[in-house]
Amino acid sequence: MKAFAFLLTLCVLVPAAAQTRFTYSKGQPLAPAYEGWMPNEDGSYTLYFGYINTNWQQEFDIPVGPDNDIEPGGPDQGQPTHFYPRRNPFLFTIRVPKDFGTKEVIWTLKANGKSEKAYASLKTDYQIDKQVISTEVGGDFGSLRDELRYNIPPELEVAGEPQRTLKLGEALTLVALAGDPDNLPPRRDGKPQPRHAGKPLEEADKAKAAAPARTANVANQTARPPAALVMESGPGLRLSWIVYRGNAAAVTFSPDQMKTWTDSRMWGNSPWSPPYAIPDPPADGKWTTQVTFQEPGTYILRAVASDGSLFTYQNVTITVTK
């Protein structure tokens, strides 16, 4: 009885606000994120950036300028101008020289009337490696195994010219070639995947393809308690196209693209969305997608290849004329 009274007292003392978490469809801030830095062999450093859009539905188009500015050296340093919902980590990088010292790179974003800043520096607390990236994105179902420090990012090649022009209403076919050279982390179902962009399965992998695959238990994926502080994503080579710059509402991909932002809702067509299973990759590592545009303008489309832990990007600039 005394134990019950003690617990009841605790419940009364904890403020109601501390027990309540709200989610919002729109109207909330958009914040840039500094993910950390890695040293390069030539002595320079690579700074990693992403963002968090705290809305579940509202997306933003913020042109490079005062409201989307990276300094010094800006305002344009390769950042996105279209912002999808929720967390979009490790989206672009900036290389700084070996004498960068105690300087900072500052990314400013303004959305829904509020400005937010990310301050990038070489403070030791911000140094990361490949395992940290995997952990931050919930890769390999949140695994911390040491092999992930030596993971090789996917190979990626987009066929065709990096800059293209077409007329409004025309369909454009995009062909992306991707592979996972070290098969790390491996798919949980044991299925093979292309090792090199645009090349067929290797002989050993063909034998695996002929064997029956292990099937995942959907109930286990949907009902299991969380095992990590971040959302988890299953391993396996995948590729999606996103709108990196331009009005995404005017762009239609066929087939629909798997989300690259961390949608953790059930059945959300997202690697972070239970009970999502990573689709089998094409045996030849070739993804073919059609895209159409409803408005003229200049768009940057980005191919995103991932093994579930690391990402490789390639952009294509499309000019759509009337």
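## Second largest cavity

By class, the lining of the second largest cavity holds 5 nonpolar, 2 polar and no charged residues (Ala, Val, Leu, Ile, Met, Phe, Trp, Tyr, Cys and Pro count as nonpolar, Asp, Glu, Lys and Arg as charged, the others, Gly among them, as polar). The model is predicted, with local features needing pLDDT of at least 70 and side-chain atom pairs pLDDT 80 or more, while totals for chains, interfaces and linings use all residues. Residues are numbered from 1 along each chain as its sequence is written, and side-chain values use heavy atoms, without hydrogens and water.

This cavity (a set of points on a 1 Å grid over the protein atoms alone where a 1.4 Å probe fits but cannot get out, lined by residues with an atom within 4 Å of a point) encloses about 60 Å³, the space filled by probe spheres set on the points. N88, P89, L91, T260, V304, F311 and Y313 line the second largest cavity. Strand 6 (86-96) gives the largest share of that lining, 3 residues, and strand 16 likewise supplies at least two (strands are DSSP E runs of at least two residues, numbered from the N terminus).

## Largest cavity

Across the whole structure, a search finds 3 cavities of 30 Å³ or more, of which the largest has a volume of about 90 Å³. Its lining consists of S233, R238, S240, M258, K259, T260, P271, W272, V304, S306, G308 and F311, and strand 12 and strand 15 (297-306) are the elements that give two or more residues to it. By class, the lining of the largest cavity divides into 5 nonpolar, 5 polar and 2 charged residues.

## The mixed sheet

An open sheet with mixed pairing (at least two DSSP bridges between two strands) is formed by 4 strands in the order 10-16-15-12. Strand 10 (163-167) and strand 12 (238-245) each have a single partner strand, so one side of each is left without a neighbour in the sheet. Strand 10 runs parallel to strand 16 (residues 311-321), to which 5 bridges join it, and L166 has V320 as its bridge partner in strand 16.

## The antiparallel sheet and T262

Another open sheet of 4 strands follows the order 9-11-14-13 with antiparallel pairing, and its edge strands, strand 9 (155-158) and strand 13, each pair on one side only. Between strand 11 (residues 172-179) and strand 14 there are 6 bridges, and L174 stands opposite T289 in strand 14.

T262 lies in the loop between strand 13 (251-254) and strand 14 (286-293). T262 is buried, with a relative accessible area of 6% (buried means under 20%, with a 1.4 Å probe and protein chains only). Apart from neighbours within four places in sequence, T262 is in contact with R86, R87, M231 and W272 (heavy atoms within 4.5 Å). Of these partners, W272 also belongs to the lining of the largest cavity.

How values were computed:
Buried means under 20% relative accessible area, exposed over 50%, partly exposed in between (1.4 Å probe, protein chains only). On a 1 Å grid over the protein atoms alone, a cavity is a set of points where a 1.4 Å probe fits but cannot get out, and a pocket is an open set with protein on both sides within 12 Å along at least five of seven lines; lining residues have an atom within 4 Å of a point.
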